[in-house]
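Okay, thanks for making time, everyone. I'll put the structure up and then walk you through the bits I'd like us to look at together.

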Amino acid sequence: MRWTTTPSNIAPKKQSSIQNLKTKYPIKQSKTISHTNNMKTPKIHQKQVNRNFQEIQKTSILDALKKISTTLWKLILIIISLLAYGQASAACNLSFSTTAGGQVTQSGSEYKYTFSTTDYANCDPGGKTDGTGASLGIYVDAIGNQNSAGNKTFPSSSAHGTNNVFIMSIGGSTGPTNIDAFYYTPPNGYSGPDSFTFYDFNGSPYTVNVTVVAPVPGAPTGVTATPGSGQASVAFTAPASDGGSAILDYTVTSNPGSFTTTGAGSPLTVTGLTNGTPYSFTVTARNANGSGAASTASSAVTPKATQTITFNPPGAQTFGTTPTLTATASSGLTPTFTSSTTGVCTITSGGALTFVTAGSCTINADQAGNATYSAAATVPQTFTVNAIAPGAPTAAIGTPGDTQVSVAFTAPASNGGSAILDYTVTASPGGATATGAASPLNVTGLLNGTAYTFTVTARNSAGSGSASTASTAVTPRAAQTITFNSPGAQTFGTTPTLTATASSTLPVTFTSTTTGVCTVTSGGALTFVVAGSCTINADQAGNAAFSAAATVPQTFTVNAIVPGAPTAAVATAGAGQASVAFTAPAFNGGSAILDYTVTASPGGATATGAASPLNVTGLLNGTAYTFTVTARNSAGSGSASTASTAVTPKATQTITFNSPGGQAFGTTPTLSATASSGLIPTFTSTTTGVCTITSGGALTFVTTGTCTINADQAGNGTYLAATTVGRTFAVNATVPGAPTGAVGTAGGGQVSVAFTAPAYNGGSAITGYTVTASPGGASVSGATSPLVVTGLTNGTPYTFTVTATNLAGTGAASTASTAVTPKATQTITFNSPGGQAFGTTPTLSATASSGLIPTFTSTTTGVCTIISGGALTFVTTGTCTINADQAGDGTYGVATTISRTFAVNPAVPGAPTGTVGTAGSGQVSVGFTAPAFNGGSTITGYTVTASPGGATVSGAASPLVVTGLTNGTAYTFTVTATNLAGTSAASTASAAVTPRLLTVSNPVSGMTGAATATLSGVARPAR
C-alpha cells in the first residue's frame, strides 16, 4: 500500500506575487497560461522585478522598452517553468504500510519511512530560501514550529492516534533543510487506515495515508531439540514481541516430514519421527491476529531406538581381590563401567575392579549408544568391600640398650582395607613383646650379652597379619658413664692435652664442636685457632659388653696473647716524610689486630693506623731513616719488626708543560717542558695509535685524532720524582697529496681515467677524487678510480689531471696524463645464424655502424672454429658461440663484442663402403667398412639388405649375417648406417654371392655308408 501526499492549495504569497507582475507588466498573448491548485508554486524573485521597473523610469523610453521586453521574456520563461514544475509536483504521492521492507523499517512498535531520491524530486517543499534564492525546503508542524536539523520533532497526531507522528530533517550549512524520514507509531490495538498531515514553510498541507496492519507475534528464538525414540523434545524462547496480543499457542514443525505439534509453551514433543533420520525444527507463535514468522531452524538431531542395561549385583567383595564385573545392553552394544566411590574402589571401562580400601563401593554401568541407539539409562550397583588382615611390616631393625632393644620398622604395603590398630614386636629367644601404635617399639626385660632377633605383626579390624621377616640379631649391653673434668681457661698459642675416663674403663675419644676456635685430636691434643669459647665433647662408643656412653661436653675460655712482629718493612721516601709498607704478623695472638705503629730511627717519629702502608711525617730531608713496626691486639702490643732498609726523604719538584694546542698531521714538532728542580723532563705518548714521541720531545703523527703526551722527571739524590703532567691536543688533518699514474682510455665523446691514490692521505680518509680534462676543463668526481669524463669532442686530444679530497680540503693535482683522443662509437649488427648442420661450412657475416669490417672468433673451438672472415668449420655437434668484433681506427673506437650462440646439429652419416658377402648354406655373412663421415654423431647401428628378396639384418658392427636366403640364388647386399639424425644412403651393392649346400657321396675311411659334408664359400664369377 502507498502513502499519498497532496498539497491542498498554492501558497497565497506566491499567487499575489504573480498577480502583481501581471498588473505592472501586461503581456499580449494568444493563449492564457494558467496553473491549477495541485501545483507547487516555484520561487519568483519579485524584488528583482521591482528593481528593473524602477530602472525603466530613470532611462530613456527606448531603453525602457528594451528592458520591458527583456523582462517580459523572463516572465514567459518563468511561467513555462511553472507549468513544468506543477506537472512534476502533481506526482507527489506517499503511502506507508506497517509492514517492514523497502523504505520502511521497524523498531519496536514504531515504523520509519525514509525518503528516496524520487520522493525528494516529487515532494520538494518551498517557501523559504537561503539568501541566494535556493529553497531550503523546510517543513513545519501543525502550529508552525520549524524542526531542527537531525532531530525527531513532533509535528502532529494521526487521525486515530495522539502524539504518534514525528519528522526528521537533514541539516545544512544554513540550518535545517529537507525532510529525511517520517516516524509513525500505530495507535494501540488499532488496525486499518490512518493518516497525518505536515506542512511546508508556506503552510501548504501534505496528507500522508497509512495502512495499519494487524500485528502478529515475532519469531521464537533459541530453538533446541533433544532426540528420543521416534520423537524429539523441542525447547524455545518466546518471541520478544507478541504483536500487541497475547500468544495463544506455538507450533513446532519438523524438517523433513513436516511433522507438527502445537501447545501452549516450551518444550513441545514432536512424535512420529523415524529413528536414524536427522531432523531440524522451526517454531511459530500465534496470537489473535494470526501466526508469525518461523524461527531460525534448530540444529539437526537424530531420533534413535532406546536400550536398557542388565547389571546384576556383584555381592560383597574381599579387599585385595581384583574381580571383573559384567553387564549387557538390550541393543547388543557393550556397556562401560565407572566408579562413583573412587575413595573405596576404582574400575576400568571393561569392568576390572581395584579396591582402594574397605567400605561401600558403587559402580555405574553405561552404554553411550550409536547411530541407531540412544544412550542407555545408567544402572548403578552398590556392594560391600570387606577388610582382610594387614600385610607384614618390613625392614625391622633393632637398636640395643641396657636389657632392652628399640625396634624400628616400616608399615606394611597393604593395610587389608582397614586402618591398622596397632603393632606387636616379639623377641627371639624368650618371646618378650611390646605393643604400640607406631614404630619404634621398645622391648624390655632382655638379658645383656644375649643376641636377639625381632619380628613385627600389624593388626586391623579383621585381625593380625603375618609376622615380618626377623631383624638382624642385636645384643643388649651394660651402660657406662664418662668422667670429664673442666680444663679451665687456656692460653692461645699453647697446646694442652685433655683427659677423661669411662666407668667401663674403655678409652674415651674427643671432638670439638667449636672448630672455629679450637680443634682436638681423638686422643685429646688441643690446637687453638683463635681466642674465644671452646667446647670439647668426650665420647665412648662401647663394645660387646657395654653400650655407647652419653656424650660429656666441657666449655672453657681461650685467652688471647700479644701478636707476633710484622715483617718485610719497606720505606718509600717523600719530602719530609716516608711511606712504610709491611706484612701483617703470621701470629695474631688469637685476637684480631687492632692497629700498627711505625717508628722512625733516628728521632723516634711514629705513625699509627689500621693497615699497611703508614706515612711517617716530620722527617728531615737529606737524613737517612730506618723504620720498625709493631702490631697491637686486645692483649697488647707485640714485639717490633726487623728495621727497614734506610731511605732518605727528598725535596719535591713540579713540571711545567704547556699545552701545545692543535697540530697539523704531517708536521714533526718538538715539545718542551721544565722542572722546578732544574732537572730535564722526559716525554712519553699514551696514544701511540695517533702519535709517538721521543724522550726528548720529537713528535711523530700516525694519524689524525686525539694525542696525549706525558711529561715526567724521575728525580735524583736531592729531588723526588715529579708528578706526571699530561697534555692532550688534536692532530688535525691536512689536504692529501697528489694522485699518481693518471692514464686515460678513450671512448666515444668520453675518456675513462684511471689513477693511483696518493701515498699521503693527510691523516684523513680520502672522500673523493676529481678528474679535469685539458683543454676545455670538463671534470668528473667520484669515490675511486677509474672515473669517466664525458662531453668531450671526438678527434681532440686531451690530457687529464686528478686531485684528491679529504675532510681538510682538496690536494694538489697529479701530473697530467699522456694525451688520448676520444673517438666515435660504433656498433656491430650480427644476426643469429640459427641451428647449423654438422658437415656444412657456412660463412657468417656481420656489419659495423662505422662501415668498418668486423672479424670473427670462436669461444667454443671444441665444437666449431672460424676464420676472421667468417668461414665456419664444425668439429663436432653441440653448442657453438661466435664473437664478432671491430677494433676501430683513427676515427672510431673499439666496438662492443657481439656474441651469437647456436646449435650444431648432427647430420645423417655417409654410406658404408667395401661391402663383401661370404656365402653359407641359406645365409651370407656381409662385411663392410664404416663411413668416413659419421654426421657428427656416433653411429648407433648398421642395416644390411639382400637383393633379391629384401631380407635384412641390423647390428652394431661388421660383419652381419643375413639368414633365410635360398641356396642356389645369387644375392647382392647394400649397407646403411644410422645415427641420432637418421639413416644414411645405402652403400654400393656387393658382388653377387650364392648360398649353397655341397654334398660329397664318397666312402670315408673309418665310416660306414655314404658320408656328406657341407661347404660354404664365395661363388666364383662365371668365365
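Let me start with a question: where is the place of Thr505? Thr505 is in the loop between strand 34 (501-502) and strand 35 (509-512). Before going on, please keep in mind that what you see is a predicted model.

I picked that threonine for its backbone. The phi of Thr505 is near 70 degrees, a positive value in a residue other than glycine. For background, most residues other than glycine have a negative phi, and most peptide bonds are trans. As for the side facing out, Thr505 counts as exposed, because its relative accessibility is 70% and the cut-off for exposed is over 50%.

There's another one of that kind. Ala568 isn't a glycine either, and its phi is positive at about 55 degrees. Ala568 belongs to strand 40, which covers residues 567-573. With a relative accessible area of 51%, Ala568 is exposed.

While we're on the backbone, let's do the cis peptide bonds. Ser439 and Pro440 are joined by one, with omega about -5 degrees. Pro440 is in the loop between strand 28 (433-436) and strand 29 (441-443). Then there's a cis bond between Ser774 and Pro775, where omega is about 5 degrees. Pro775 also falls in a loop, running between strand 57 (768-774) and strand 58 (779-782).

Okay, zooming out. How many helices and strands does the protein have? The count is four helices and 78 strands. The protein has 1023 residues, and 37% of them count as buried. About 50,000 Å² is exposed, and carbon and sulfur atoms supply 54% of that. If you take contacts between residues at least 6 apart in sequence, 58% of them join residues at least 24 apart.

Now the inside. In soluble globular proteins, nonpolar side chains tend to be buried together. Here, the largest nonpolar core has 20 residues. Which of them touch the most other members? Those are Ile482, Phe484, Phe510, Leu526, Cys534 and Ile536. Four strands each supply at least two residues of this core: strand 36 (518-520), strand 37 (526-528), strand 38 (532-539) and strand 39 (552-559).

Let's stay with Ile482 for a second. Leaving aside its neighbours within four places in sequence, Ile482 is in contact with a list of residues that includes Ala500, Thr501, Ala502 and Val508. Further along the chain, its contacts include Ala538, Asp539, Gln540, Ala549, Ala550 and Val552.

On to the pocket. The largest one has a volume of about 630 Å³. How many residues line it? There are 26, and Gln106, Tyr111, Pro215, Gly243 and Gly244 lie nearest its centre. By type, the lining splits into eleven nonpolar residues, 14 polar ones and one charged.

Last topic: a few places where parts of the chain meet. I've got three examples.

First up is Ala473, in the loop between strand 31 (463-464) and strand 32 (482-483). Is Ala473 buried, exposed or partly exposed? Partly exposed, at 44% relative accessibility. Its C-alpha atom is 5.7 Å from that of Ala451, and the two residues are 22 apart along the chain. Beyond its neighbours within four places in sequence, Ala473 is in contact with Ala451, Tyr452 and Thr453.

Next, Thr873, which lies in strand 67 (residues 872-874). Thr873 is partly exposed as well, at 42% relative accessibility. Its partner here is Val863, ten residues away along the chain, with 8.8 Å between the C-alpha atoms. Not counting residues up to four places away in sequence, Thr873 touches Val863, Cys864 and Thr865.

And then Asn967, in the loop between strand 74 (960-963) and strand 75 (972-979). Asn967 has 35% relative accessibility and counts as partly exposed. The C-alpha atoms of Asn967 and Gly922 are separated by 5.3 Å, though the residues are 45 apart along the chain. What does Asn967 touch, not counting residues up to four places away in sequence? On one side of the list we have Gly920, Ser921 and Gly922, and then there are Pro995, Arg996 and Leu997.

That's my tour, so over to you for questions.

How values were computed. Residues are numbered from 1 along each chain as its sequence is written. This is a predicted model: local features need pLDDT of at least 70, side-chain atom pairs count only at pLDDT 80 or more; totals for chains, interfaces and linings use all residues. Side-chain values use heavy atoms; hydrogens and water are left out. On a 1 Å grid over the protein atoms alone, a cavity is a set of points where a 1.4 Å probe fits but cannot get out, and a pocket is an open set with protein on both sides within 12 Å along at least five of seven lines; lining residues have an atom within 4 Å of a point. Grid points are joined across faces, edges and corners, and a volume is the space filled by probe spheres set on the points. Ala, Val, Leu, Ile, Met, Phe, Trp, Tyr, Cys and Pro count as nonpolar, Asp, Glu, Lys and Arg as charged, and the others, Gly among them, as polar. A nonpolar core is a set of buried Ala, Val, Leu, Ile, Met, Phe, Trp, Tyr and Cys residues joined through side-chain atoms within 4.5 Å. Buried means under 20% relative accessible area, exposed over 50%, partly exposed in between (1.4 Å probe, protein chains only). Contact means heavy atoms within 4.5 Å. Accessible areas come from the Shrake-Rupley method with a 1.4 Å probe; for residues, only the protein chains shown count as cover.
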